[in-house]
Each structure stands twice: as C-alpha cells, then as structure tokens.
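Hi,

Here is the structure I said I would pass on. Have a look at it first, and my notes follow below.

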Amino acid sequence: MSLPTVLVGRDGVSSLRLNATRPVAAHSFLSRDRAEAGNIVSRLSPENEALAREIIARYPRPKSAVIPLCHLVQEEHGHLTDDGMAHVAELVGVTAAQVQGTASFYEMFKRHETGRYVLGICTNISCLVLGGAELLARAEERLGIRAGSTTADGRVTLEDTECLAACTDAPMCQVNYRYFGQLSDADFDELLDDIASGAIDEVVPAHGTLALVRQHIPDDRVANIGPPEIQVAPQWFTRREAYLAPTDVEGGA
Ligand code: FES
C-alpha cells in the first residue's frame, strides 16, 4: 500500500503535502504481545536487512548509515530495540554502544514502546499563547492519561513537545510526525475522534514510518524571510490578537 497524499493542517488551505514513494511497513507496536508469546523478533527482517545493505552502499563509510538504519529498525519494530541496534552495529561495523550513543541524541528515536499513534502537542511560545496548553489538557482529559504516557490499549502515546518549527500554524500538534495546525477546539476533537476510530489511518501511517517522504511547501507557505525592513508581522501574531479579543458576554456593552 502506498502512502496517500497527506494534508497537514485541518483547514484545507494551509497544508503541507507529503508524498511517500515506498510502501508503508506493517510493524507491530505491541511487541509486548510477541514477548509474552515468547516470540521476540527484534533484528531486521531479511527484506529490511537487504534494504539496509543497499542504504549502506550509498555512503563512502558504512557507519554514515547509522541514522537511516535506525529509522529502519524503528519502522519495523515501532521503537529502537536493543537487538535492532546491535544488528545495525553489526551491519555498519561499529559497537552497539556507538549506535545507541548516536540515536539517543534524537528525540524521534524512541527507546520504549509507543502507541500506534504518537500524538505530540506543542506548548512552546507561539502555540502556548494560542491555546497549546489547553489542547494538551484537553487531550489528557479525553485520553485519560498524562503527557509522557500511553493509553492502556496501546493506541496513543501523548507527548508535550517543544517547538515543531511550524509556528505560523500555531497551535500545532503532530500525529506520527504529520502536522496538524491552526487547531480550534472543534478541529482537535475531530482529530481525536479520527484517532479513536482509526479514520486517521487514511492519511497518517503507522508510527515509525518515515522513509523517503517528500515534502512540498506551497508558495504561499514559504517562510517570511528577508531583511527586517520588509518583514511583516507573523501570521500567528495577527491571530493572537483575534484570540485575545474580548468576546460578547451576556449583558455586556
Ligand atoms: S511554538 Fe509551536 S510550532 Fe513553534
């Protein structure tokens, strides 16, 4: 199955489009089940090992392929398993500690099992002033968990994230690193409903599936880059004014 075009952003206007060029992996997130069944499979599959060797061949030095190979392990297993990292080390000719030392620098590599969906809500400054903390509280209440944990059914891992580098679309969140921006409460509830029902599977692949995703940014989304004298106030700043504007209250002037 090929990954469909993904509209990132719930408004249908301001969207990044992601197009995948290779099949989505069908890894298991609940390797806990496998472990309980005494059937731990945490090295790369023969198919992915062959792909790993292809990837290694693209680099002048095998160890330069550590990061893409860690993505491959995460895509297959849902997180970076010890055996998966040992397999990467074996393939590129370094120690497992060196692989772990590299991977542990990057937040996107998970050393623990996650839910099928990793929902990250930005509470950094632009999102914070536009309701990011309220969205996080809303998610915690609806999912019944605190940020940093996973629902009992293994479906959702909730994260409180730092800036997602998409401040112009604040408040932002991401599901398996696919972006959803300018979220109203209603948008966010709809997103949570889609996660609960699985409807989001049509646009968001399983956690860990990242490889060869091409990103296209429409012209009207290009960053506001230029000398200070030609820069205008960022979009989120204008929306902040609307967000803070007094609302009509009963009996008010
Ligand atoms: S502050 Fe939220 S995306 Fe930058």
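**What I found**

Start with one pairing: Ile121 has Asp160 in β4 as its bridge partner. Keep in mind that this is a predicted model. That pair belongs to strand β3 (residues 117–122) and its neighbour β4, which run parallel and are joined by six bridges.

Zooming out, β3 and β4 sit in an open sheet of four strands, ordered β4-β3-β5-β6, and the pairing is mixed. β4 (156–161) and β6 (178–180) are the edge strands, each with a partner on one side only. From one strand to the next, the twist averages 25°. Helix α7 packs on this sheet, where it touches β3, β4 and β5 (173–175), and its direction makes about 145° with that of β3.

Now the helix pair. Two packed helices are described by the angle between their axes and the distance between the axes. For α7 (residues 132–143) and α8 (residues 185–197), the axes come within 11 Å and cross at roughly 35°. The crossing is right-handed. On the α7 side the contact involves Leu135, Arg138, Ala139 and Arg142, and these meet Asp185, Phe188 and Leu192 of α8. Sorted by class, that contact has four nonpolar and three charged residues, with no polar ones.

What about the core: which residues touch the most other members of the largest nonpolar one? Leu119, Met172 and Cys173 do, out of 29 residues in that core. At least two residues each come from β3, α7, β4, β5, β6 and α8. β3 gives the largest share, with five residues.

Leu119 is worth clicking on. Leaving out residues up to four places away in sequence, Leu119 touches Ala139, Val156, Thr157, Leu158, Glu159, Cys173, Val175 and Ile195. There is also another core, apart from the one just described, with 17 residues, including Leu44, Ile56, Ala65 and Val88. As background, nonpolar side chains in soluble globular proteins tend to be buried together.

Finally, some totals for the whole chain. The protein has nine helices and seven strands. It is 253 residues long, and buried residues make up 33% of them. Among contacts with a separation of 6 or more, 67% are between residues 24 or more positions apart.

Cheers

Key
Residues are numbered from 1 along each chain as its sequence is written. This is a predicted model: local features need pLDDT of at least 70, side-chain atom pairs count only at pLDDT 80 or more; totals for chains, interfaces and linings use all residues. Axes are lines fitted to C-alpha atoms, for helices over the stretch in contact, and angles run from 0 to 180 degrees between N-to-C directions. A crossing is left-handed if the near helix is turned anticlockwise from the far one by less than a right angle, and right-handed if clockwise. Two residues are in contact if their C-beta atoms, placed from the backbone, lie within 7 Å. Ala, Val, Leu, Ile, Met, Phe, Trp, Tyr, Cys and Pro count as nonpolar, Asp, Glu, Lys and Arg as charged, and the others, Gly among them, as polar. Two strands pair if DSSP finds at least two bridges between them. A nonpolar core is a set of buried Ala, Val, Leu, Ile, Met, Phe, Trp, Tyr and Cys residues joined through C-beta atoms within 7 Å. A residue is buried if 20 or more other C-beta atoms lie within 10 Å of its own, exposed if 12 or fewer, and partly exposed in between; C-beta atoms are placed from the backbone.
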